[in-house]
Structure formats: C-alpha cells, structure tokens
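Got your viewer open? Load the model, switch to cartoon view, and keep the selection box handy.

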Amino acid sequence: MKKVIVVGGGWAGCAAAISARKAGAEVTVLERMDMLLGTGLVGGIMRNNGRYTAAEEIIAMGCGDLFEICDKSSRHINIEFPGHKHANLYDVGKTPGQVMRHLLKLGIKVVFNMRVSKIATDNGRILSVEDSRGNIYEGDVFVDATGTAGPIKNCTKYGNGCAMCILRCPSFGGRVSLTGLAGIEESMGGKADGSIGAMSGSCKLYKESLSEEIQKELKEKGVAVIPLPKDLIEDHLDAKACQQYALPQFRDNIILLDTGHAKLMTPYYNLETLRKIPGFEDARFEDPYAGGKGNSMRYFAMAPRDNYLKVEGAENLFCCGEKAGLLVGHTEAIVTGTLAGHNSVRYALGKELITIPEGLATGDAISYVKEEMSKPEGMTKKYTFSGSVYFERMKDLNLYSIDSAEIWKRVEEYGMKNIFARAIEK
Ligand SMILES: Cc1cc2nc3c(=O)[nH]c(=O)nc-3n(C[C@H](O)[C@H](O)[C@H](O)COP(=O)(O)OP(=O)(O)OC[C@H]3O[C@@H](n4cnc5c(N)ncnc54)[C@H](O)[C@@H]3O)c2cc1C
C-alpha cells in the first residue's frame with residue numbers, strides 16, 4: 001500500500017486524508033497542535049450561497065464525509081443573514097471530535113504535537129519529514145496542508161501583533177510550510193491597497209457574556225443583527241480576508257452568528273466601544289483573546305500549483321486549502337483537499353492525474369483562481385463560492401444551484417459520480 005503523509009490537520013488536510021484513504025493509501029496526518037480543524041476550530045459557516053453547490057458536487061463525487069458531519073453537527077440550518085442565504089452553522093465545540101473519530105474509523109493515523117520543521121530529499125523527491133524532537137515519517141507522496149496563517153512575526157509585522165488566536169503559535173510553534181522546506185518559492189496575497197496579508201474576518205464573543213435577550217435570539221434564530229449608533233461604527237471591511245462579508249451591512253450593524261460562541265462578523269472591535277452597546281455591557285472575547293485589538297493574519301505562503309494540485313517545481317508534493325491559493329473557506333479547503341489527496345495516490349501509483357471538469361463549480365474555481373493569481377490585480381482579491389467575485393462568476397456561468405438533483409445530474413454527466421469513493425486500481 002502506498003504511504004501518503006498529510007502535513008496539517010485543518011479542513012484541507014482532513015479532506016486530503018479521507019480522499020487518499022478512499023483511493024487506497026495508508027494515510028498519516030501530522031498536526032502541530034493538539035486538535036484537528038486548524039482555523040476551522042473557530043469558523044462554522046457552511047453551505048451559504050455557492051458553497052451549497054460546491055458541497056453537493058463533492059458529495060456526489062463520493063467524498064462528502066466532512067460536509068455530512070458538519071450538516072449533522074449544525075446548531076442552525078438554512079438560516080439567512082445579510083448577503084447570505086441557506087447557511088448552516090456547525091458547532092465549533094463538537095465538530096472537531098466528530099471529525100477525529102471519523103478519520104480514525106477510516107483507518108487514518110493522526111499524530112498531534114508533530115510540527116514538521118525538516119525534510120529529507122533525494123533528487124528533488126521528499127523521502128521523509130521530521131519534527132524538532134527528531135520524530136521522522138517516511139512516505140511515497142506528501143500533501144502540504146499547512147495553511148497560510150502565522151507565524152507570530154507575520155501577525156506582528158502586518159497586523160496588530162499576536163492577538164492570541166486559536167492557532168496558539170507561542171505554545172505549539174508557528175506554521176512551517178512543507179513547500180517552503182522543499183525550497184519552492186511561495187507567493188503572498190495582499191489587499192486592494194497593496195499591503196500584504198489579510199486579517200481573519202470574524203472573531204468570537206463568549207456568548208454567556210451577552211444579555212439574555214441576545215442569547216435568546218441567537219438560540220432561536222442562529223443570527224442577531226443589532227444596528228449600531230453612528231458614533232460606535234468601526235470600519236474594518238478592507239482588512240478582511242473574507243470579502244463576501246465586506247458589505248456595508250457588516251459595518252453598520254453588529255452581526256452575530258451562533259456557532260457555539262457568538263461569532264462577531266468583523267475582524268476585531270474595540271472592547272470599550274462594544275461595551276457601550278446595550279446588551280454588550282459585559283462582553284468579552286473568546287477568540288482571539290485580544291479581539292478588541294486585532295486578529296490573525298493569513299495568506300503569507302501559497303504554493304505554485306497546477307490544476308491537479310501538484311506543487312510546481314516539486315516531485316512528490318501536492319497542496320490544498322489556503323496553501324493552494326486565494327480560495328477562502330472551509331468548503332473551499334475541503335474541495336481542494338479532496339482532489340489533492342486523490343491525486344497524491346494516483347501519482348504514487350504512476351497513474352494519470354485528474355482535474356475536476358470546469359463545467360462544475362469546484363473545477364472552475366480551482367482553474368479560475370490559478371489564472372487570476374497570475375495577474376497582479378488578482379493577487380489582491382480573495383475567492384470563495386459564498387460571495388464576492390467568484391460567486392458572481394458562478395451565477396454568470398450558471399454554475400450556482402441549490403437543486404441537489406440537478407447538481408448530482410451534472411456531476412454524473414461529467415463522469416465524476418463517486419470518482420473519489422473508489423480505490424484506484426494498481
Ligand atoms: C477566525 C476565522 C473564522 C473563519 N470563519 C469561517 C467560516 O465561518 N466559514 C468558512 O468557510 N471559512 C471560515 N474561515 C476561513 C477558513 O477557516 C479557512 O480558509 C480554511 O479552513 C483553511 O483551511 P486549511 O486547512 O487550508 O488551513 P488551516 O485551517 O490554517 O490549517 C492548517 C493546519 O496546518 C497546521 N500546520 C501548520 N504548519 C504545520 C507543520 N509544519 N506541521 C504540522 N502541522 C502544521 C496548523 O496547525 C493547522 O491546523 C475562517 C478563518 C478564520 C481564521
């Protein structure tokens with residue numbers, strides 16, 4: 001059996017592990033922290049706008065395990081908030097454990113506290129990866145799912161310092177890129193004003209620190225929209241990685257979503273100002289801890305890749321999630337992870353690699369983002385099925401649908417039905 005080593009246990013790494021396992025490999029996930037899901041530990045929004053279509057496509061292609069887990073662990077389903085329809089909100093507390101148990105059930109090995117910081121190569125091929133304690137893992141093929149957030153020096157240089165986010169760099173050590181260790185030059189994303197990186201678009205309040213009325217509204221509806229008095233408005237729209245939430249409604253209102261915490265849809269908010277709003281008198285941040293001042297910064301290290309998600313210039317290395325480019329989101333990470341994991345096994349077996357056809361939203365997004373990233377202007381944007389430029393494109397190309405039967409039919413017409421569910425024949 002071929003050995004696939006996935007470095008990084010965020011949504012992308014978990015998806016890559018599942019598809020590689022289904023394709024017939026022995027799979028190990030190496031994660032620097034002590035929990036799976038990476039930035040997904042504080043996210044939660046699924047199936048909003050075009051993400052519905054993308055999720056259904058991957059389910060129809062036979063690798064929808066993670067979407068099904070999120071659907072089942074959703075605190076709220078089919079909710080609306082400004083600019084976003086038919087969203088599900090997974091429970092950020094319970095979902096990581098459910099994903100972990102599913103990976104173990106499939107026979108995937110997960111190693112925590114394993115921060116890859118060295119590699120051994122031979123003629124451009126990666127032979128093994130190693131952490132700072134000398135633990136070594138050998139493999140036939142490797143998947144870089146290390147994301148683009150951190151380390152602290154990036155948050156300090158391009159943001160407001162370490163805001164103490166869920167990634168916990170001071171304790172577990174910052175992100176280290178496998179692609180970078182392989183000597184491949186990576187690219188950095190930027191904002192429209194030319195500055196580098198992008199700040200996470202939401203932070204979390206401790207729900208119980210809010211008034212009973214707000215808690216009740218969140219419990220019943222999943223969403224609370226609280227108009228802001230003019231003098232309390234803070235404008236952080238341009239800093240956001242998630243441009244689908246860079247709408248005026250997100251500046252003029254406090255928008256809260258119930259993911260277990262109260263997800264506040266702005267990168268940060270001055271705590272003294274926030275506490276002046278009725279119902280927020282005792283508010284405190286849950287993630288990042290210094291959410292009154294800043295948030296984590298991302299998009300510092302993206303790998304050059306083709307549409308098979310093989311890293312260009314490397315031999316046996318694939319990439320996915322934010323590492324594979326400016327596609328933002330859990331759904332997006334699961335889509336690229338699924339393809340990267342599958343192709344890693346094809347590569348190890350000497351089989352032809354596959355792309356997802358461009359007539360499907362998931363395939364179009366992978367190739368469109370690569371093309372856009374070759375232009376300087378394209379590097380200042382972010383792409384997601386859930387809004388902004390890419391959702392507009394989905395609608396223009398008639399790729400957006402919430403009719404599951406129609407989506408499944410399309411997948412079948414392209415010969416992709418259950419493609420990721422089957423073991424690859426030797
Ligand atoms: C605060 C916040 C809120 C968000 N909310 C949402 C949301 O509601 N909905 C949505 O769709 N998207 C949301 N996003 C975006 C989404 O989380 C990401 O785009 C996506 O999940 C990225 O997944 P990833 O697996 O590529 O990277 P990451 O989540 O960054 O995972 C990378 C993993 O690799 C590990 N790692 C790094 N280096 C090493 C190494 N050398 N060795 C071993 N492990 C390593 C890290 O510890 C991490 O677990 C949010 C992001 C943030 C930060």
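Here is a short walk through some strands and a few backbone oddities. Bear in mind throughout that this is a predicted model.

**Stop one: strand 1**

Select residues 3-7, which make up strand 1. Four of these five residues are buried, so strand 1 is largely enclosed by the rest of the structure. Now add residues 26-30, and you have strand 2, which pairs with strand 1 in the parallel sense over five bridges. To see one point where the two line up, pick Val4 and look opposite to Val27 in strand 2.

How do you get from one strand to the other? Show residues 11-22, which form helix 1. Strand 1, helix 1 and strand 2 together make a β-α-β unit, and a right-handed one.

Next, select residues 141-144 for strand 10, another parallel partner of strand 1, this time over four bridges. Val6 has Val143 as its bridge partner in strand 10.

**Stop two: an open sheet**

Move on to strands 7, 8 and 9, three strands that form an open sheet in the order 7-8-9, with antiparallel pairing. Strand 7 (116-122) and strand 9 (136-138) are the edges; each has a single partner strand, so one side of each has no neighbour in the sheet. Ignoring direction, neighbouring strands here are turned by 25° against each other on average.

Zoom in on residues 125-131, strand 8, and count the antiparallel bridges to strand 7: there are six. A handy marker is Thr121, which sits opposite Ile126 in strand 8.

**Stop three: two cis peptide bonds**

Which bond should you inspect at Pro151? The one joining it to Gly150, a cis peptide bond with omega of about -10°. Pro151 lies in the loop between strand 10 and helix 5 (152-158).

Then jump to Asp287 and Pro288, where the peptide bond is again cis, with omega near -15°. Pro288 belongs to the loop between strand 16 (285-287) and strand 17 (297-298).

**Stop four: positive phi without glycine**

Select His86, in strand 5 (residues 84-90). Its phi is near 40°, a positive value in a residue other than glycine. Is the His86 side buried or exposed? His86 has 11% relative accessibility, so it counts as buried.

Finish at Leu309, in the loop between strand 17 and strand 18 (317-319). Leu309 is not a glycine either, yet it has a positive phi of about 75°. With a relative accessible area of 0%, Leu309 is buried.

Notes. Residues numbered from 1 in each chain as written. Predicted model: local features only at pLDDT ≥ 70, side-chain atom pairs only at ≥ 80, totals over all residues. Heavy atoms only, no water. Pairing = 2+ DSSP bridges. Axes fitted to C-alpha atoms, helices over the stretch in contact; angles between N-to-C directions. Buried < 20%, exposed > 50% of the residue type's maximum accessible area, 1.4 Å probe, protein only. Right-handed = clockwise from strand over helix to strand, strands pointing away.
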